Each structure stands twice: as C-alpha cells, then as structure tokens.
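This report goes through selected local features of one protein chain, element by element. Please read it alongside the sequence and the coordinates.

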Amino acid sequence: MYNTANTTPRQLPPGLDLAKFQSFLSRAWDICGTENVDLQQLVRLANEFAVPIWPFSIGRNTGYGGTAPRVPGSVGIDLGKHMNKIIEVNEEGAFALVEPGVTCFSLNEHLVKTGLDQKLCLDVPDLGGGSIIGNAVERGVGYTPYGDHRMEIILPNGELVRTGMGALPDPDASPDLPPHEQPPNKCWQPFNYGFGPYHNGIFSQSNLGIVVVKMGIWAYMITFPRDDDLPKIVDIIRPLRLQMVLQNVPTLRNILLDAAVSAPKSSYTSETGPLSEAKMDEIAAGLDLGRWNFYGAVYGPEPVRNVLLTVIKGAFLSIPGSKFYQFYLPEDRKEPHSVLRTRAKTLQGIPAIDELRWVDWAPNGAHLFFSPISKISGKDANLQYEVTKRRCTEAGFDFIGTFTDGMREIHHIVCIVFNREVEEERLKARWLIRTLVKACAADGCGEYRTHLALMDQIANTYNFNDNALMKLNETVKNALDPNGILAPGKNGVWPRSYDKSEWVLGESEPWERAGAGAGAGSKSS
C-alpha cells in the first residue's frame, strides 16, 4: 500500500480536493505496483474519480509541447518506460509491430543487430529519438516512400479496440488470455482497413483514445543561388512529385536552417538582429550552399535510379546557377556537420538527431514550430514565405524554415529560435507564432500540428459553417469520454465536463513592436 500522507502535488486536478486525490493515488498504486501499469484499469479508475489523464510515449514532441498536459493537475501516463518492446519485424511483409516506447533508434538498432537492415528500412522523421507511434499519431512526417500504420487503442472507458483487420480474432489465440495479450491475426498488418467504417483517423491528434501498440538508395542535394528562386523551384517540384519521379518526401531548406546546423549565429556575425540579404548571400557562399537547398533521394535498382536522376537533374538544373551534389561523392561536401550526409541517413531510414543543432543558432536556444499547409505551387509557397519572413523580421528573429513536400501539399515548417533566458525574446516568440496563425488563416492556410499554447487558437481557425467540425469533434468526444478524463483540451477539443470559457486560451500577447499599428505588431493583429 502506497503511503499518500505526505503527497501534496503542486496542482490538484480540477474539482478534486487533496483527500480525494490521495485516495485516487492509493488506488492507482494498487493497480500499478512498482513496475508495471494495468492501463485499462487505470483509465477506469480515472473515470471513477474524474481525474484528467495525459498519455505520452517518449515525450520528445520537439517544438510542439513535449510531455506537458493541457490541463494543470493532469496525471501523466508514461507509455514508453515499460511498453518498449519490438513485438515483431516481418521481413516478408515489410512491417513491424511495436509498442509506444520503441524509438526510431531502437528499431533501427534491432534491424542492424539482426541483419534485417540489409533488407528493410524505416520511415523516419528528421529527429530519430522519439517514439515511432507517437510521431505517427501526431501525423509527423517520414521521408522515405513508405510508412503506414495500424492501431490498438484503449478507449476512455478502458475498453481495448483493434482497428481494421485487427478486429478479426486470431483463430489460434487462447481464449484464456486477456485481450491485450492475444496475438493479432495474420492479416492485420498487410491490410489497413478491414470491414466497415475506418476509424484510424479519429485517433490521430485526438483525445478519443490511447494508442498503445502495434503499428538501394542515392541521396542528393541541389542548391539554388537566389532567394527569389523559390517559386520556380516549387513549380518544378509539383509535376515531378505527382508523377512519382520524386519518390520520397523531399525538403527545400532555407540557407539559415543549414547554416544553423553547421554553427551558431555568433560564428558568422556579431549582429544581433535579423540578418541582411547580403549577409545571407555571404554565409551561403562561405558554406558552398544556395539560398535554397533541396534534398531528395532515388530508390530502386541502379538503372531505375539513373533514369530518375537524369529527369530530376534536367528539371532543376534549368534554374540558372543551380548545382547538383550526390552523397556518394564525399569530396563534393566539405562543410562541418553536412546536412546532405545527415539527410542521406534519414532518407534511407537510418535515424539521426544531428539536425537539431540549429536550435543553437541563438544562445540558450529554444524553439517553437509554426507548421501551416499549402498547395504545391510557387505562388502559394512564395506568399507563405513572404508573410512569415516579414513577421519574423518584425519580431526581431531570423527566418529559419523548410518546405516539406507531400504528394499534393507542402508542410511549411518555420523554426522560431529564441533565447529562452531572455524574457522579451520569449514574449516575442509567442507574439510571433500567434500572429502567424492569424496571418496564414487569413490566406486560407491552416496549421496541421501545434504547441499546447496554440491549440485553442488554431482549432478556432477551422470554423467553416459555424464551427461544424468542432461541434462534431465535441459530440464524438462526449460520446466516447462522457467524464472528460482523457487529455481534455488537446487540439482545442474540450469535453462538456469543463467550462470551456474558463479554459480556452486567448490570442493576445503582452509584447508588441514599438510604434506598430493594428495589423502589424499590435497585440490584436
């Protein structure tokens, strides 16, 4: 029995006094023990006490809030500490069955150890230290041509569900085993959908369930010398991506993103404000990079790779001054911490974390991600770039960003890097990201993923037809989670057990640029 007598949290869950919370802890201790958690029982207990819970896998939701809950006093549920098994890697079907604590690094280590890395590759994001499942359910980007997911979910009432083909029992499973220990049937991984309504989508970026388990290359870089090359580059990308000449998810990176990976800002200049165009040209020349740098890969047998590279080079090298570099020619790249070398790993499914060096662009570096979606068109990309760069300059920050190209859309990732030890910089960063949300929504572009502090604001921009989508989200939330215990407020979805007017965060920030008028640097813009 756990002694709760001296347990006084910094913040009690909403609506609970200390005695009731200590009673919850005592009961939870009986469920959890010292090592493992019966997750389904714990969720049922949270319902009984109306305690909000906030599940997370590894907690490396970099730039989007980490492990922090939306509601203070929530009980964090760490799914990654003990649920970290690689259940199966199937060579024939090219799939893996993993728990939330399995990272890209740990799965890749398993592939190397077993020799399967010669036959299979991962679909990895920029930074490989996080949970595979966590990245998937937050709709994180992977950069190889592969990546699909099946889910096992614990609902807010504690019931376990397998989606798609997973709902069909394995005929060889022992009926004496509890559901979470029963092996899946042989068709679950090969086919995503199963029979009837398809539910996977409602469990990504949601607070409707806890997702607990089961889910030859040449890299190259092309540099482009001018900042205003951007719309031409993007218009070349679109047909190549649709025709699958660009097989993977390529990235188009601004010079300062690559420069920041190589070294902090202080190594290039003593200037503290946003860098001038001339200075950025100087940095690009010094690193033998372009103002824009495009990274991709071709896959398949060598004859296929050769044909694809010929088409790709012919298209992009039509832009004056552009240059092509390939990873297997090491003498081509001499800059420290070469992004091409790191991307070459990522694009063949080898996880890395080297690229996070760009956070050191500022002393005591911290960052927020602004991540809107737009069409793959030069006009749209250029509009987003102009708006975000202007606002970054207004707030006193350098524009650091990348365009990540899907099949028919672009994730425009703006990296707001600031000195976390300077209060004014923290306030400027918050003002900047709120202002960018409004500015891009006004142009018909919405964010696909965000930090906790922005969830309410961004949810409110998806307000077509008198907020019809939010009404649907709230209806589903209240049906599946009537006590509102599972991640209340995540992505702006509040259960009816919370007075929304008391919990929704406003959009104003205390910082404004001196002399700025409405629509520019003011709090109301």
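Helices and strands are taken here as DSSP runs, of at least four residues for a helix and at least two for a strand, and they are numbered from the N terminus. The model is a predicted one. In these terms, N364 sits in the loop that runs between α9 (339-347) and β12.

**N364 and its contacts**

N364 has a relative accessible area of 38% and is therefore partly exposed, since that class lies between the buried limit of 20% and the exposed limit of 50%. Its C-alpha atom is separated by 5.1 Å from that of N419, although the two residues are 55 residues apart along the chain. Not counting residues up to four places away in sequence, N364 touches F418, N419, R420 and E421.

**The N-terminal part**

L12 belongs to the segment before α1 (18-32). With 27% relative accessibility, L12 counts as partly exposed. Not counting residues up to four places away in sequence, L12 touches D17, L18, F21, P72 and G73. L12 and S74 are 62 residues apart in sequence, while their C-alpha atoms are 7.9 Å apart in space.

Helix α1 has 15 residues, which should span 21 Å at 1.5 Å a residue; the end C-alpha atoms are 20 Å apart, so the two values agree. Its buried residues include F21, Q22, F24 and L25, and further along S26, A28, I31 and C32. Among the elements that cover the buried residues of α1 are α2 and β2 (75-78). F21 thus appears twice, as a buried residue of α1 and as a contact of L12.

**L309 and strand β10**

L309 is placed in helix α8 (residues 302-316). Its relative accessible area is 7%, so L309 is buried. Leaving aside neighbours within four places in sequence, L309 is in contact with W218, Y220, V298, F324 and Q326. Of these contacts, W218 is 91 residues away in sequence, with a C-alpha to C-alpha distance of 9.1 Å.

V298, another contact of L309, is part of strand β10 (residues 292-299), where 8 of 8 residues are buried. Both faces of β10 are covered: one side carries W292, F294, G296 and V298, and the other N293, Y295, A297 and Y299. Strand β10 pairs with β9 (residues 251-254) in the antiparallel sense, over 4 bridges. In this pairing, Y295 of β10 is the bridge partner of T251.

**Helix α11 and the largest cavity**

Helix α11 (residues 423-442) has 20 residues and reaches 29 Å from its first C-alpha to its last, close to the expected 28 Å. Its buried residues include L427, K428, A429, W431, L432 and I433, and also R434, T435, L436, V437, A439 and C440. The cover over these residues includes β12 (365-370), α10 (378-395), β15 (409-419) and α12 (455-461). Just after α11, G444 takes a positive phi of about 80 degrees.

Which residues line the largest cavity? The lining consists of F370, V437, C440, A441, C445, G446, E447, I458 and T461. Two or more of the lining residues come from each of α11 and α12, and α11 gives the largest share, 3 residues. By class, the lining has 6 nonpolar, 2 polar and 1 charged residues. The space in this cavity is about 40 Å³. V437 and C440 are among the buried residues of α11 and also belong to the cavity lining.

**Positive phi outside glycine**

Most residues other than glycine have a negative phi. Two residues listed below take a positive value.

| Residue | Phi | Relative accessibility |
|---|---|---|
| A50 | near 55 degrees | 37% |
| N467 | near 60 degrees | 26% |

A50 is found in the loop between α2 (39-49) and β1 (53-56), whereas N467 is in helix α13 (residues 464-480). Are these residues buried, partly exposed or exposed? A50 counts as partly exposed because its relative accessibility is 37%, and N467 counts as partly exposed because its value is 26%.

Note on methods. Residues numbered from 1 in each chain as written. Predicted model: local features only at pLDDT ≥ 70, side-chain atom pairs only at ≥ 80, totals over all residues. Heavy atoms only, no water. Buried < 20%, exposed > 50% of the residue type's maximum accessible area, 1.4 Å probe, protein only. Contact = heavy atoms within 4.5 Å. Expected span 1.5 Å × (residues − 1). 1 Å grid on protein atoms, 1.4 Å probe; cavity = no way out; pocket = protein on both sides within 12 Å on 5 of 7 lines; lining within 4 Å. Points joined across faces, edges and corners; volume = space filled by probe spheres on them. Nonpolar A, V, L, I, M, F, W, Y, C, P; charged D, E, K, R; others polar. Pairing = 2+ DSSP bridges.
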